[in-house]
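Me: I'm new to this one and would like to go through it with you. Can I fire off some questions?

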Amino acid sequence: MNEIVLGIESSCDDTAVALVSAGGKILSSVVASQLDVHAAFGGIYPEFAARAHVSAILPAVDAAFKMAGITPKDIRAIGVTRGPGLIGSLLVGLNTAAGLGLGWNKPVIGINHLRGHLRSADLEQKRVKFPATVLLVSGGHTFLAYMKDPVEIELLGSTSDDSVGETYDKVGRMLGLGYPGGPVVDRLAKEGHPVIPFPRPVINKGLDFSFSGLKSAVARYMDATENAVHKDVAASFVQAVMDVLIKKSALALKKYPSESFVIVGGVAASPPLREEAGKLCDGTGVELCLPPLRWSTDNAAMIALATFDYLNLSVDKKPVADLQLTMSDF
């Protein structure tokens, strides 16, 4: 049986296609960026995103096969992001996968985008030791989860409003840093001092998150402070975010003994988060597992790797449809 999966990811702005073998080896990865399409709007324009996916997706599939040096007959299945995401963008990927699966006579499995992120730390090589506590921090989501294995996942806490990535982007816009704001905010923060006492929302209230109040505090400070020092605002904002993320993660690790602490999602590429997480793990004896930087942001390789979880379980005579029901949250 062929042990290669075609992954398709089109949940938001970039069109991504990858071919991945069992164990996380990446045979090819193609990404058609839409950054230039959306930069002028300071965020994602959903209708333009969907149209750009239509133009890019089939050429990306062709390029992925050529890069890997294989043909569709060599793959076992197609994995495609089924949500969450922008409905128009998701439909392009789902319809493309369905059509290719029908034409090639290959099974098509819908994968939750967040499951993809949860598996991204094992791309290129096996890193995660179970049980693991996972912090997912991305543009649309922030949560803590406990994974007994790649299939059994317990949600521990999530954000009640803005995600970390969304908050980063909005603060970046307040500081006039353009879009996307996250990486630029981190770079600017390195030049400043965290001297502004921004709040740490719900830091002592369990494992749930809230970042809307922090975002609003930055906005009020910018409105009320003439000649605000932007690098100090960035440093103070980043420190507040890190304090919350690390405090919650430390609590989760204490309540749920783990072999690994895994950070995934676009914000996993943040240098201050990686540094603070390293300190946390040094103090607890838990192994820190991070995806390589290029696999932290949205990509199709993580969708392909997550597809193997479904394929491997279906071998045990469990129909894929049932698996999608029992694993619907992730």
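Me: Which residues does alanine 189 touch, not counting residues up to four places away in sequence?
Reply: Keep in mind that this is a predicted model. Alanine 189 sits in helix α6, which covers residues 182-189. Leaving out residues up to four places away in sequence, alanine 189 touches Lys231, Ala234, Ala235 and Val238.

Me: Does alanine 189 count as buried or exposed?
Reply: The cut-off for buried is under 20% relative accessible area. Alanine 189 has 11% relative accessibility, so it counts as buried.

Me: In what order do the strands β3, β2, β1, β4 and β5 lie, and which of them stand at the edges?
Reply: They make an open sheet with mixed pairing, in the order β3-β2-β1-β4-β5. Two of these strands have a single partner each, so one side of each is left without a neighbour in the sheet. Those edge strands are β3 (26-32) and β5 (108-112).

Me: Do β1 and β4 run parallel or antiparallel, and which residue in β4 stands opposite leucine 6?
Reply: Strand β1 (residues 4-9) and strand β4 (residues 77-83) are joined by four bridges, and they run parallel. Opposite leucine 6, in β4, you'll find isoleucine 78.

Me: Which strands does helix α3 lie across, and at what angle does it run to β4?
Reply: Helix α3 takes in residues 87-104 and lies across β1, β4 and β5. Its angle to β4 is about 160°.

Me: What is the order of the strands in the sheet that holds β6, and which are its edge strands?
Reply: It's an open sheet of five strands with mixed pairing, and the order is β8-β7-β6-β9-β10. Neighbouring strands here are turned by 20° against each other on average, direction ignored. The strands that pair on one side only are the edge ones, β8 (153-158) and β10 (287-289).

Me: How many bridges join β6 to β7, and which helix packs on this sheet?
Reply: Strand β6 (residues 132-137) and strand β7 (residues 142-147) run antiparallel, joined by six bridges. One facing pair is leucine 135 with leucine 144 in β7. The helix that packs on the sheet touches β6, β7, β8 and β9 (260-264), and it is α8 (residues 230-255).

Me: Why is β9 said to be largely enclosed by the rest of the structure?
Reply: Side chains in a regular strand alternate between the two faces of the sheet. In β9, Ser260, Val262 and Val264 point one way while Phe261 and Ile263 point the other way, and all are buried. So β9 is largely enclosed because the number of its residues that are buried is five of the five.

Me: Which strands does β9 run parallel to, and which residue in β10 stands opposite valine 262?
Reply: Five bridges join β9 to β6, and the two run parallel; threonine 133 has phenylalanine 261 in β9 as its bridge partner. With β10, β9 pairs in the parallel sense over three bridges. The residue standing opposite valine 262 in β10 is cysteine 289.

Me: What is the relative accessible area of serine 296?
Reply: Serine 296 lies in the loop between β10 and α10 (300-314). Among the residues it touches are His117, Arg274 and Pro291. Serine 296 is buried, and its relative accessible area is 0%.

Me: Which residues make the nonpolar surface patch of about 330 Å²?
Reply: One of its members, phenylalanine 41, is placed in the loop between α1 (35-38) and α2 (46-68). At 44% relative accessibility, phenylalanine 41 counts as partly exposed. The residues that make the patch are Val37, Phe41, Tyr45 and Phe48.

Me: Which kind of peptide bond, cis or trans, joins glycine 83 and proline 84, and which kind joins phenylalanine 130 and proline 131?
Reply: Most peptide bonds are trans. Between glycine 83 and proline 84, omega is about -10°, and between phenylalanine 130 and proline 131 omega is about 0°. Both bonds are cis.

Me: What is phi for asparagine 227, and is this residue buried or exposed?
Reply: Most residues other than glycine have a negative phi. Asparagine 227, in the loop between α7 and α8, has a positive phi, near 60°. At 69% relative accessibility, asparagine 227 counts as exposed.

Technical notes: Residues are numbered from 1 along each chain as its sequence is written. This is a predicted model: local features need pLDDT of at least 70, side-chain atom pairs count only at pLDDT 80 or more; totals for chains, interfaces and linings use all residues. Side-chain values use heavy atoms; hydrogens and water are left out. Buried means under 20% relative accessible area, exposed over 50%, partly exposed in between (1.4 Å probe, protein chains only). Contact means heavy atoms within 4.5 Å. Two strands pair if DSSP finds at least two bridges between them. Axes are lines fitted to C-alpha atoms, for helices over the stretch in contact, and angles run from 0 to 180 degrees between N-to-C directions. Patches are made of residues with over 30% relative accessible area and no salt bridge: like charges are joined within 9 Å, nonpolar side chains (Val, Leu, Ile, Met, Phe, Trp, Tyr) within 5 Å. Accessible areas come from the Shrake-Rupley method with a 1.4 Å probe; for residues, only the protein chains shown count as cover. A salt bridge is a side-chain nitrogen of Lys or Arg within 4 Å of a carboxyl oxygen of Asp or Glu.
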